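The following account leads the reader through one structure, moving from its charged pairs to its helices, its surface and its interior.

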Amino acid sequence: MKRKITHLSKFFLLCLFFGLIILFPELCIKSATDGISTCLNIILPSLFPFMVLSKYLIYSGYGNKICRFFSFLSKIFRINNSGSVAFVMGTFCGSPVGASLICDMVKSGNLTKKQGEHILGFCNNCGPLFLTGTVGTVLFSDKRIGWFLCVIHILSAFLTGILVRNKKYEVNGRTAVIPSDKAPFVNAVNDSISAMTGIFGFVIIFSVICGFLIAFSPLKSDISTTLLCGILEISCGCIYISALHLALPLKLCLISLICSFGGLCILFQTIFITKKTGLSVMPCLKTKLLFSVVSFCLCFLFCTLSALFNISFF
């Protein structure tokens, strides 16, 4: 019975989406065009170079040397050194680079499947270039806001990693067996192009869904509709939140919330990347929910301290 209801729900949503495309082609084309613009102007420049870099580190064998510099994180998160590298690269390179790197480490034996699923939720994060460049500079015309959100995001990821860490220190998996590739740069570029193609597809589809949602939302509140868009796709969510008539601290808390969760679009990107390794995204989803709550509370705390003690964080 439950499976039948699920199939009927999927069929209804599919028919609804198809009907909206047929009845409102102009809105569909505009939303898809906006999605393509987001891919070319935001995602490609802020993500592709880092994805190539992370894959090159794996294929060239340099990832082995980097592991040594972040061994202290492995003790804090109670994971092996490879997991600590995944945290650093995933935090500073942006999603879904973290997921891609974790999958490569699981394939090479540096991480076990269980370890990969455990760290996926706090190692596949929103990149600093998106927060400082797109959100700070483009949307708010203030780099300080971008850096403020970036610091909040990194601290929240760090705290989330501590909150979900294992009771015992796990050293399962190898830490120095990443094989060198004969053509690491070429393979890194080719694999990154393949991954970006799938990412672009998800972003365009979810941009169309967000466009229909904004136009025909049954929710009366602009905040509710905007948050729903952010839960679907963070780029659209950040753009809509920045345009709301709200106090700046509340805008930053909401943006921090949706950026930490990542949105369903990034979740589907993660599924697309991890499908070959068989990693389950359910632990990731649970960790992301905790991550978003931690991020919202931390941003609210800093904004409150800024108002109480007249400290300018942004």
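**From charged pairs to nonpolar cores**

At a relative accessibility of 19%, Asp 142 counts as buried, because the cut-off for that class is under 20%. The model is a predicted one, and Asp 142 takes part in a salt bridge with Arg 144, the N to O distance being 3.3 Å. Its partner lies in another class: Arg 144 is partly exposed, with a relative accessible area of 48%. This pair therefore joins a buried acidic residue to a partly exposed basic one.

A search of the whole structure finds two salt bridges. The other links Lys 30 with Asp 34, whose closest N and O atoms are 3.2 Å apart. Both residues belong to helix 2, which spans residues 25-60, and because they are four residues apart there, about one helical turn separates them. Asp 34 is partly exposed, at 39% relative accessible area.

Helix 2 itself is not straight. At Ile 43 the helix bends by about 55 degrees, and a proline, Pro 45, follows within four residues. Beyond the end of helix 2 comes Gly 61, which has a positive phi, near 95 degrees.

On the surface, attention turns to a nonpolar patch. Phe 18, Ile 22, Leu 23, Phe 24 and Phe 216 together make up a patch of about 540 Å². Helix 1, residues 2-23, gives the most to this patch, with three residues. Phe 24 is placed in the loop between helix 1 and helix 2, and with a relative accessible area of 31% this phenylalanine is partly exposed. Phe 24 therefore passes the patch cut-off of over 30%.

The interior remains to be described. The largest nonpolar core contains 48 residues, and those with the most contacts inside it are Ile 43, Phe 87, Ile 102, Met 105, Ile 119, Met 196 and Ile 199. Helix 10, residues 184-216, gives the most to this core, with ten residues. Apart from this core lies another, of 24 residues, which include Phe 130, Phe 140, Leu 254 and Cys 299. Ile 43 thus appears twice in this account, as the site of the bend in helix 2 and among the residues with the most contacts inside the largest core.

Met 105, also listed among those residues, can be followed further. Leaving aside residues up to four places away in sequence, Met 105 touches Ile 58, Ser 82, Val 85, Ala 86, Asn 110 and Leu 111.

Technical notes. Residues are numbered from 1 along each chain as its sequence is written. This is a predicted model: local features need pLDDT of at least 70, side-chain atom pairs count only at pLDDT 80 or more; totals for chains, interfaces and linings use all residues. Side-chain values use heavy atoms; hydrogens and water are left out. A salt bridge is a side-chain nitrogen of Lys or Arg within 4 Å of a carboxyl oxygen of Asp or Glu. Helices (H or I, at least four residues) and strands (E, at least two) are DSSP runs, numbered from the N terminus. Buried means under 20% relative accessible area, exposed over 50%, partly exposed in between (1.4 Å probe, protein chains only). The bend at a residue is the angle between axes fitted to the seven residues ending there and the seven starting there. Patches are made of residues with over 30% relative accessible area and no salt bridge: like charges are joined within 9 Å, nonpolar side chains (Val, Leu, Ile, Met, Phe, Trp, Tyr) within 5 Å. Accessible areas come from the Shrake-Rupley method with a 1.4 Å probe; for residues, only the protein chains shown count as cover. A nonpolar core is a set of buried Ala, Val, Leu, Ile, Met, Phe, Trp, Tyr and Cys residues joined through side-chain atoms within 4.5 Å. Contact means heavy atoms within 4.5 Å.
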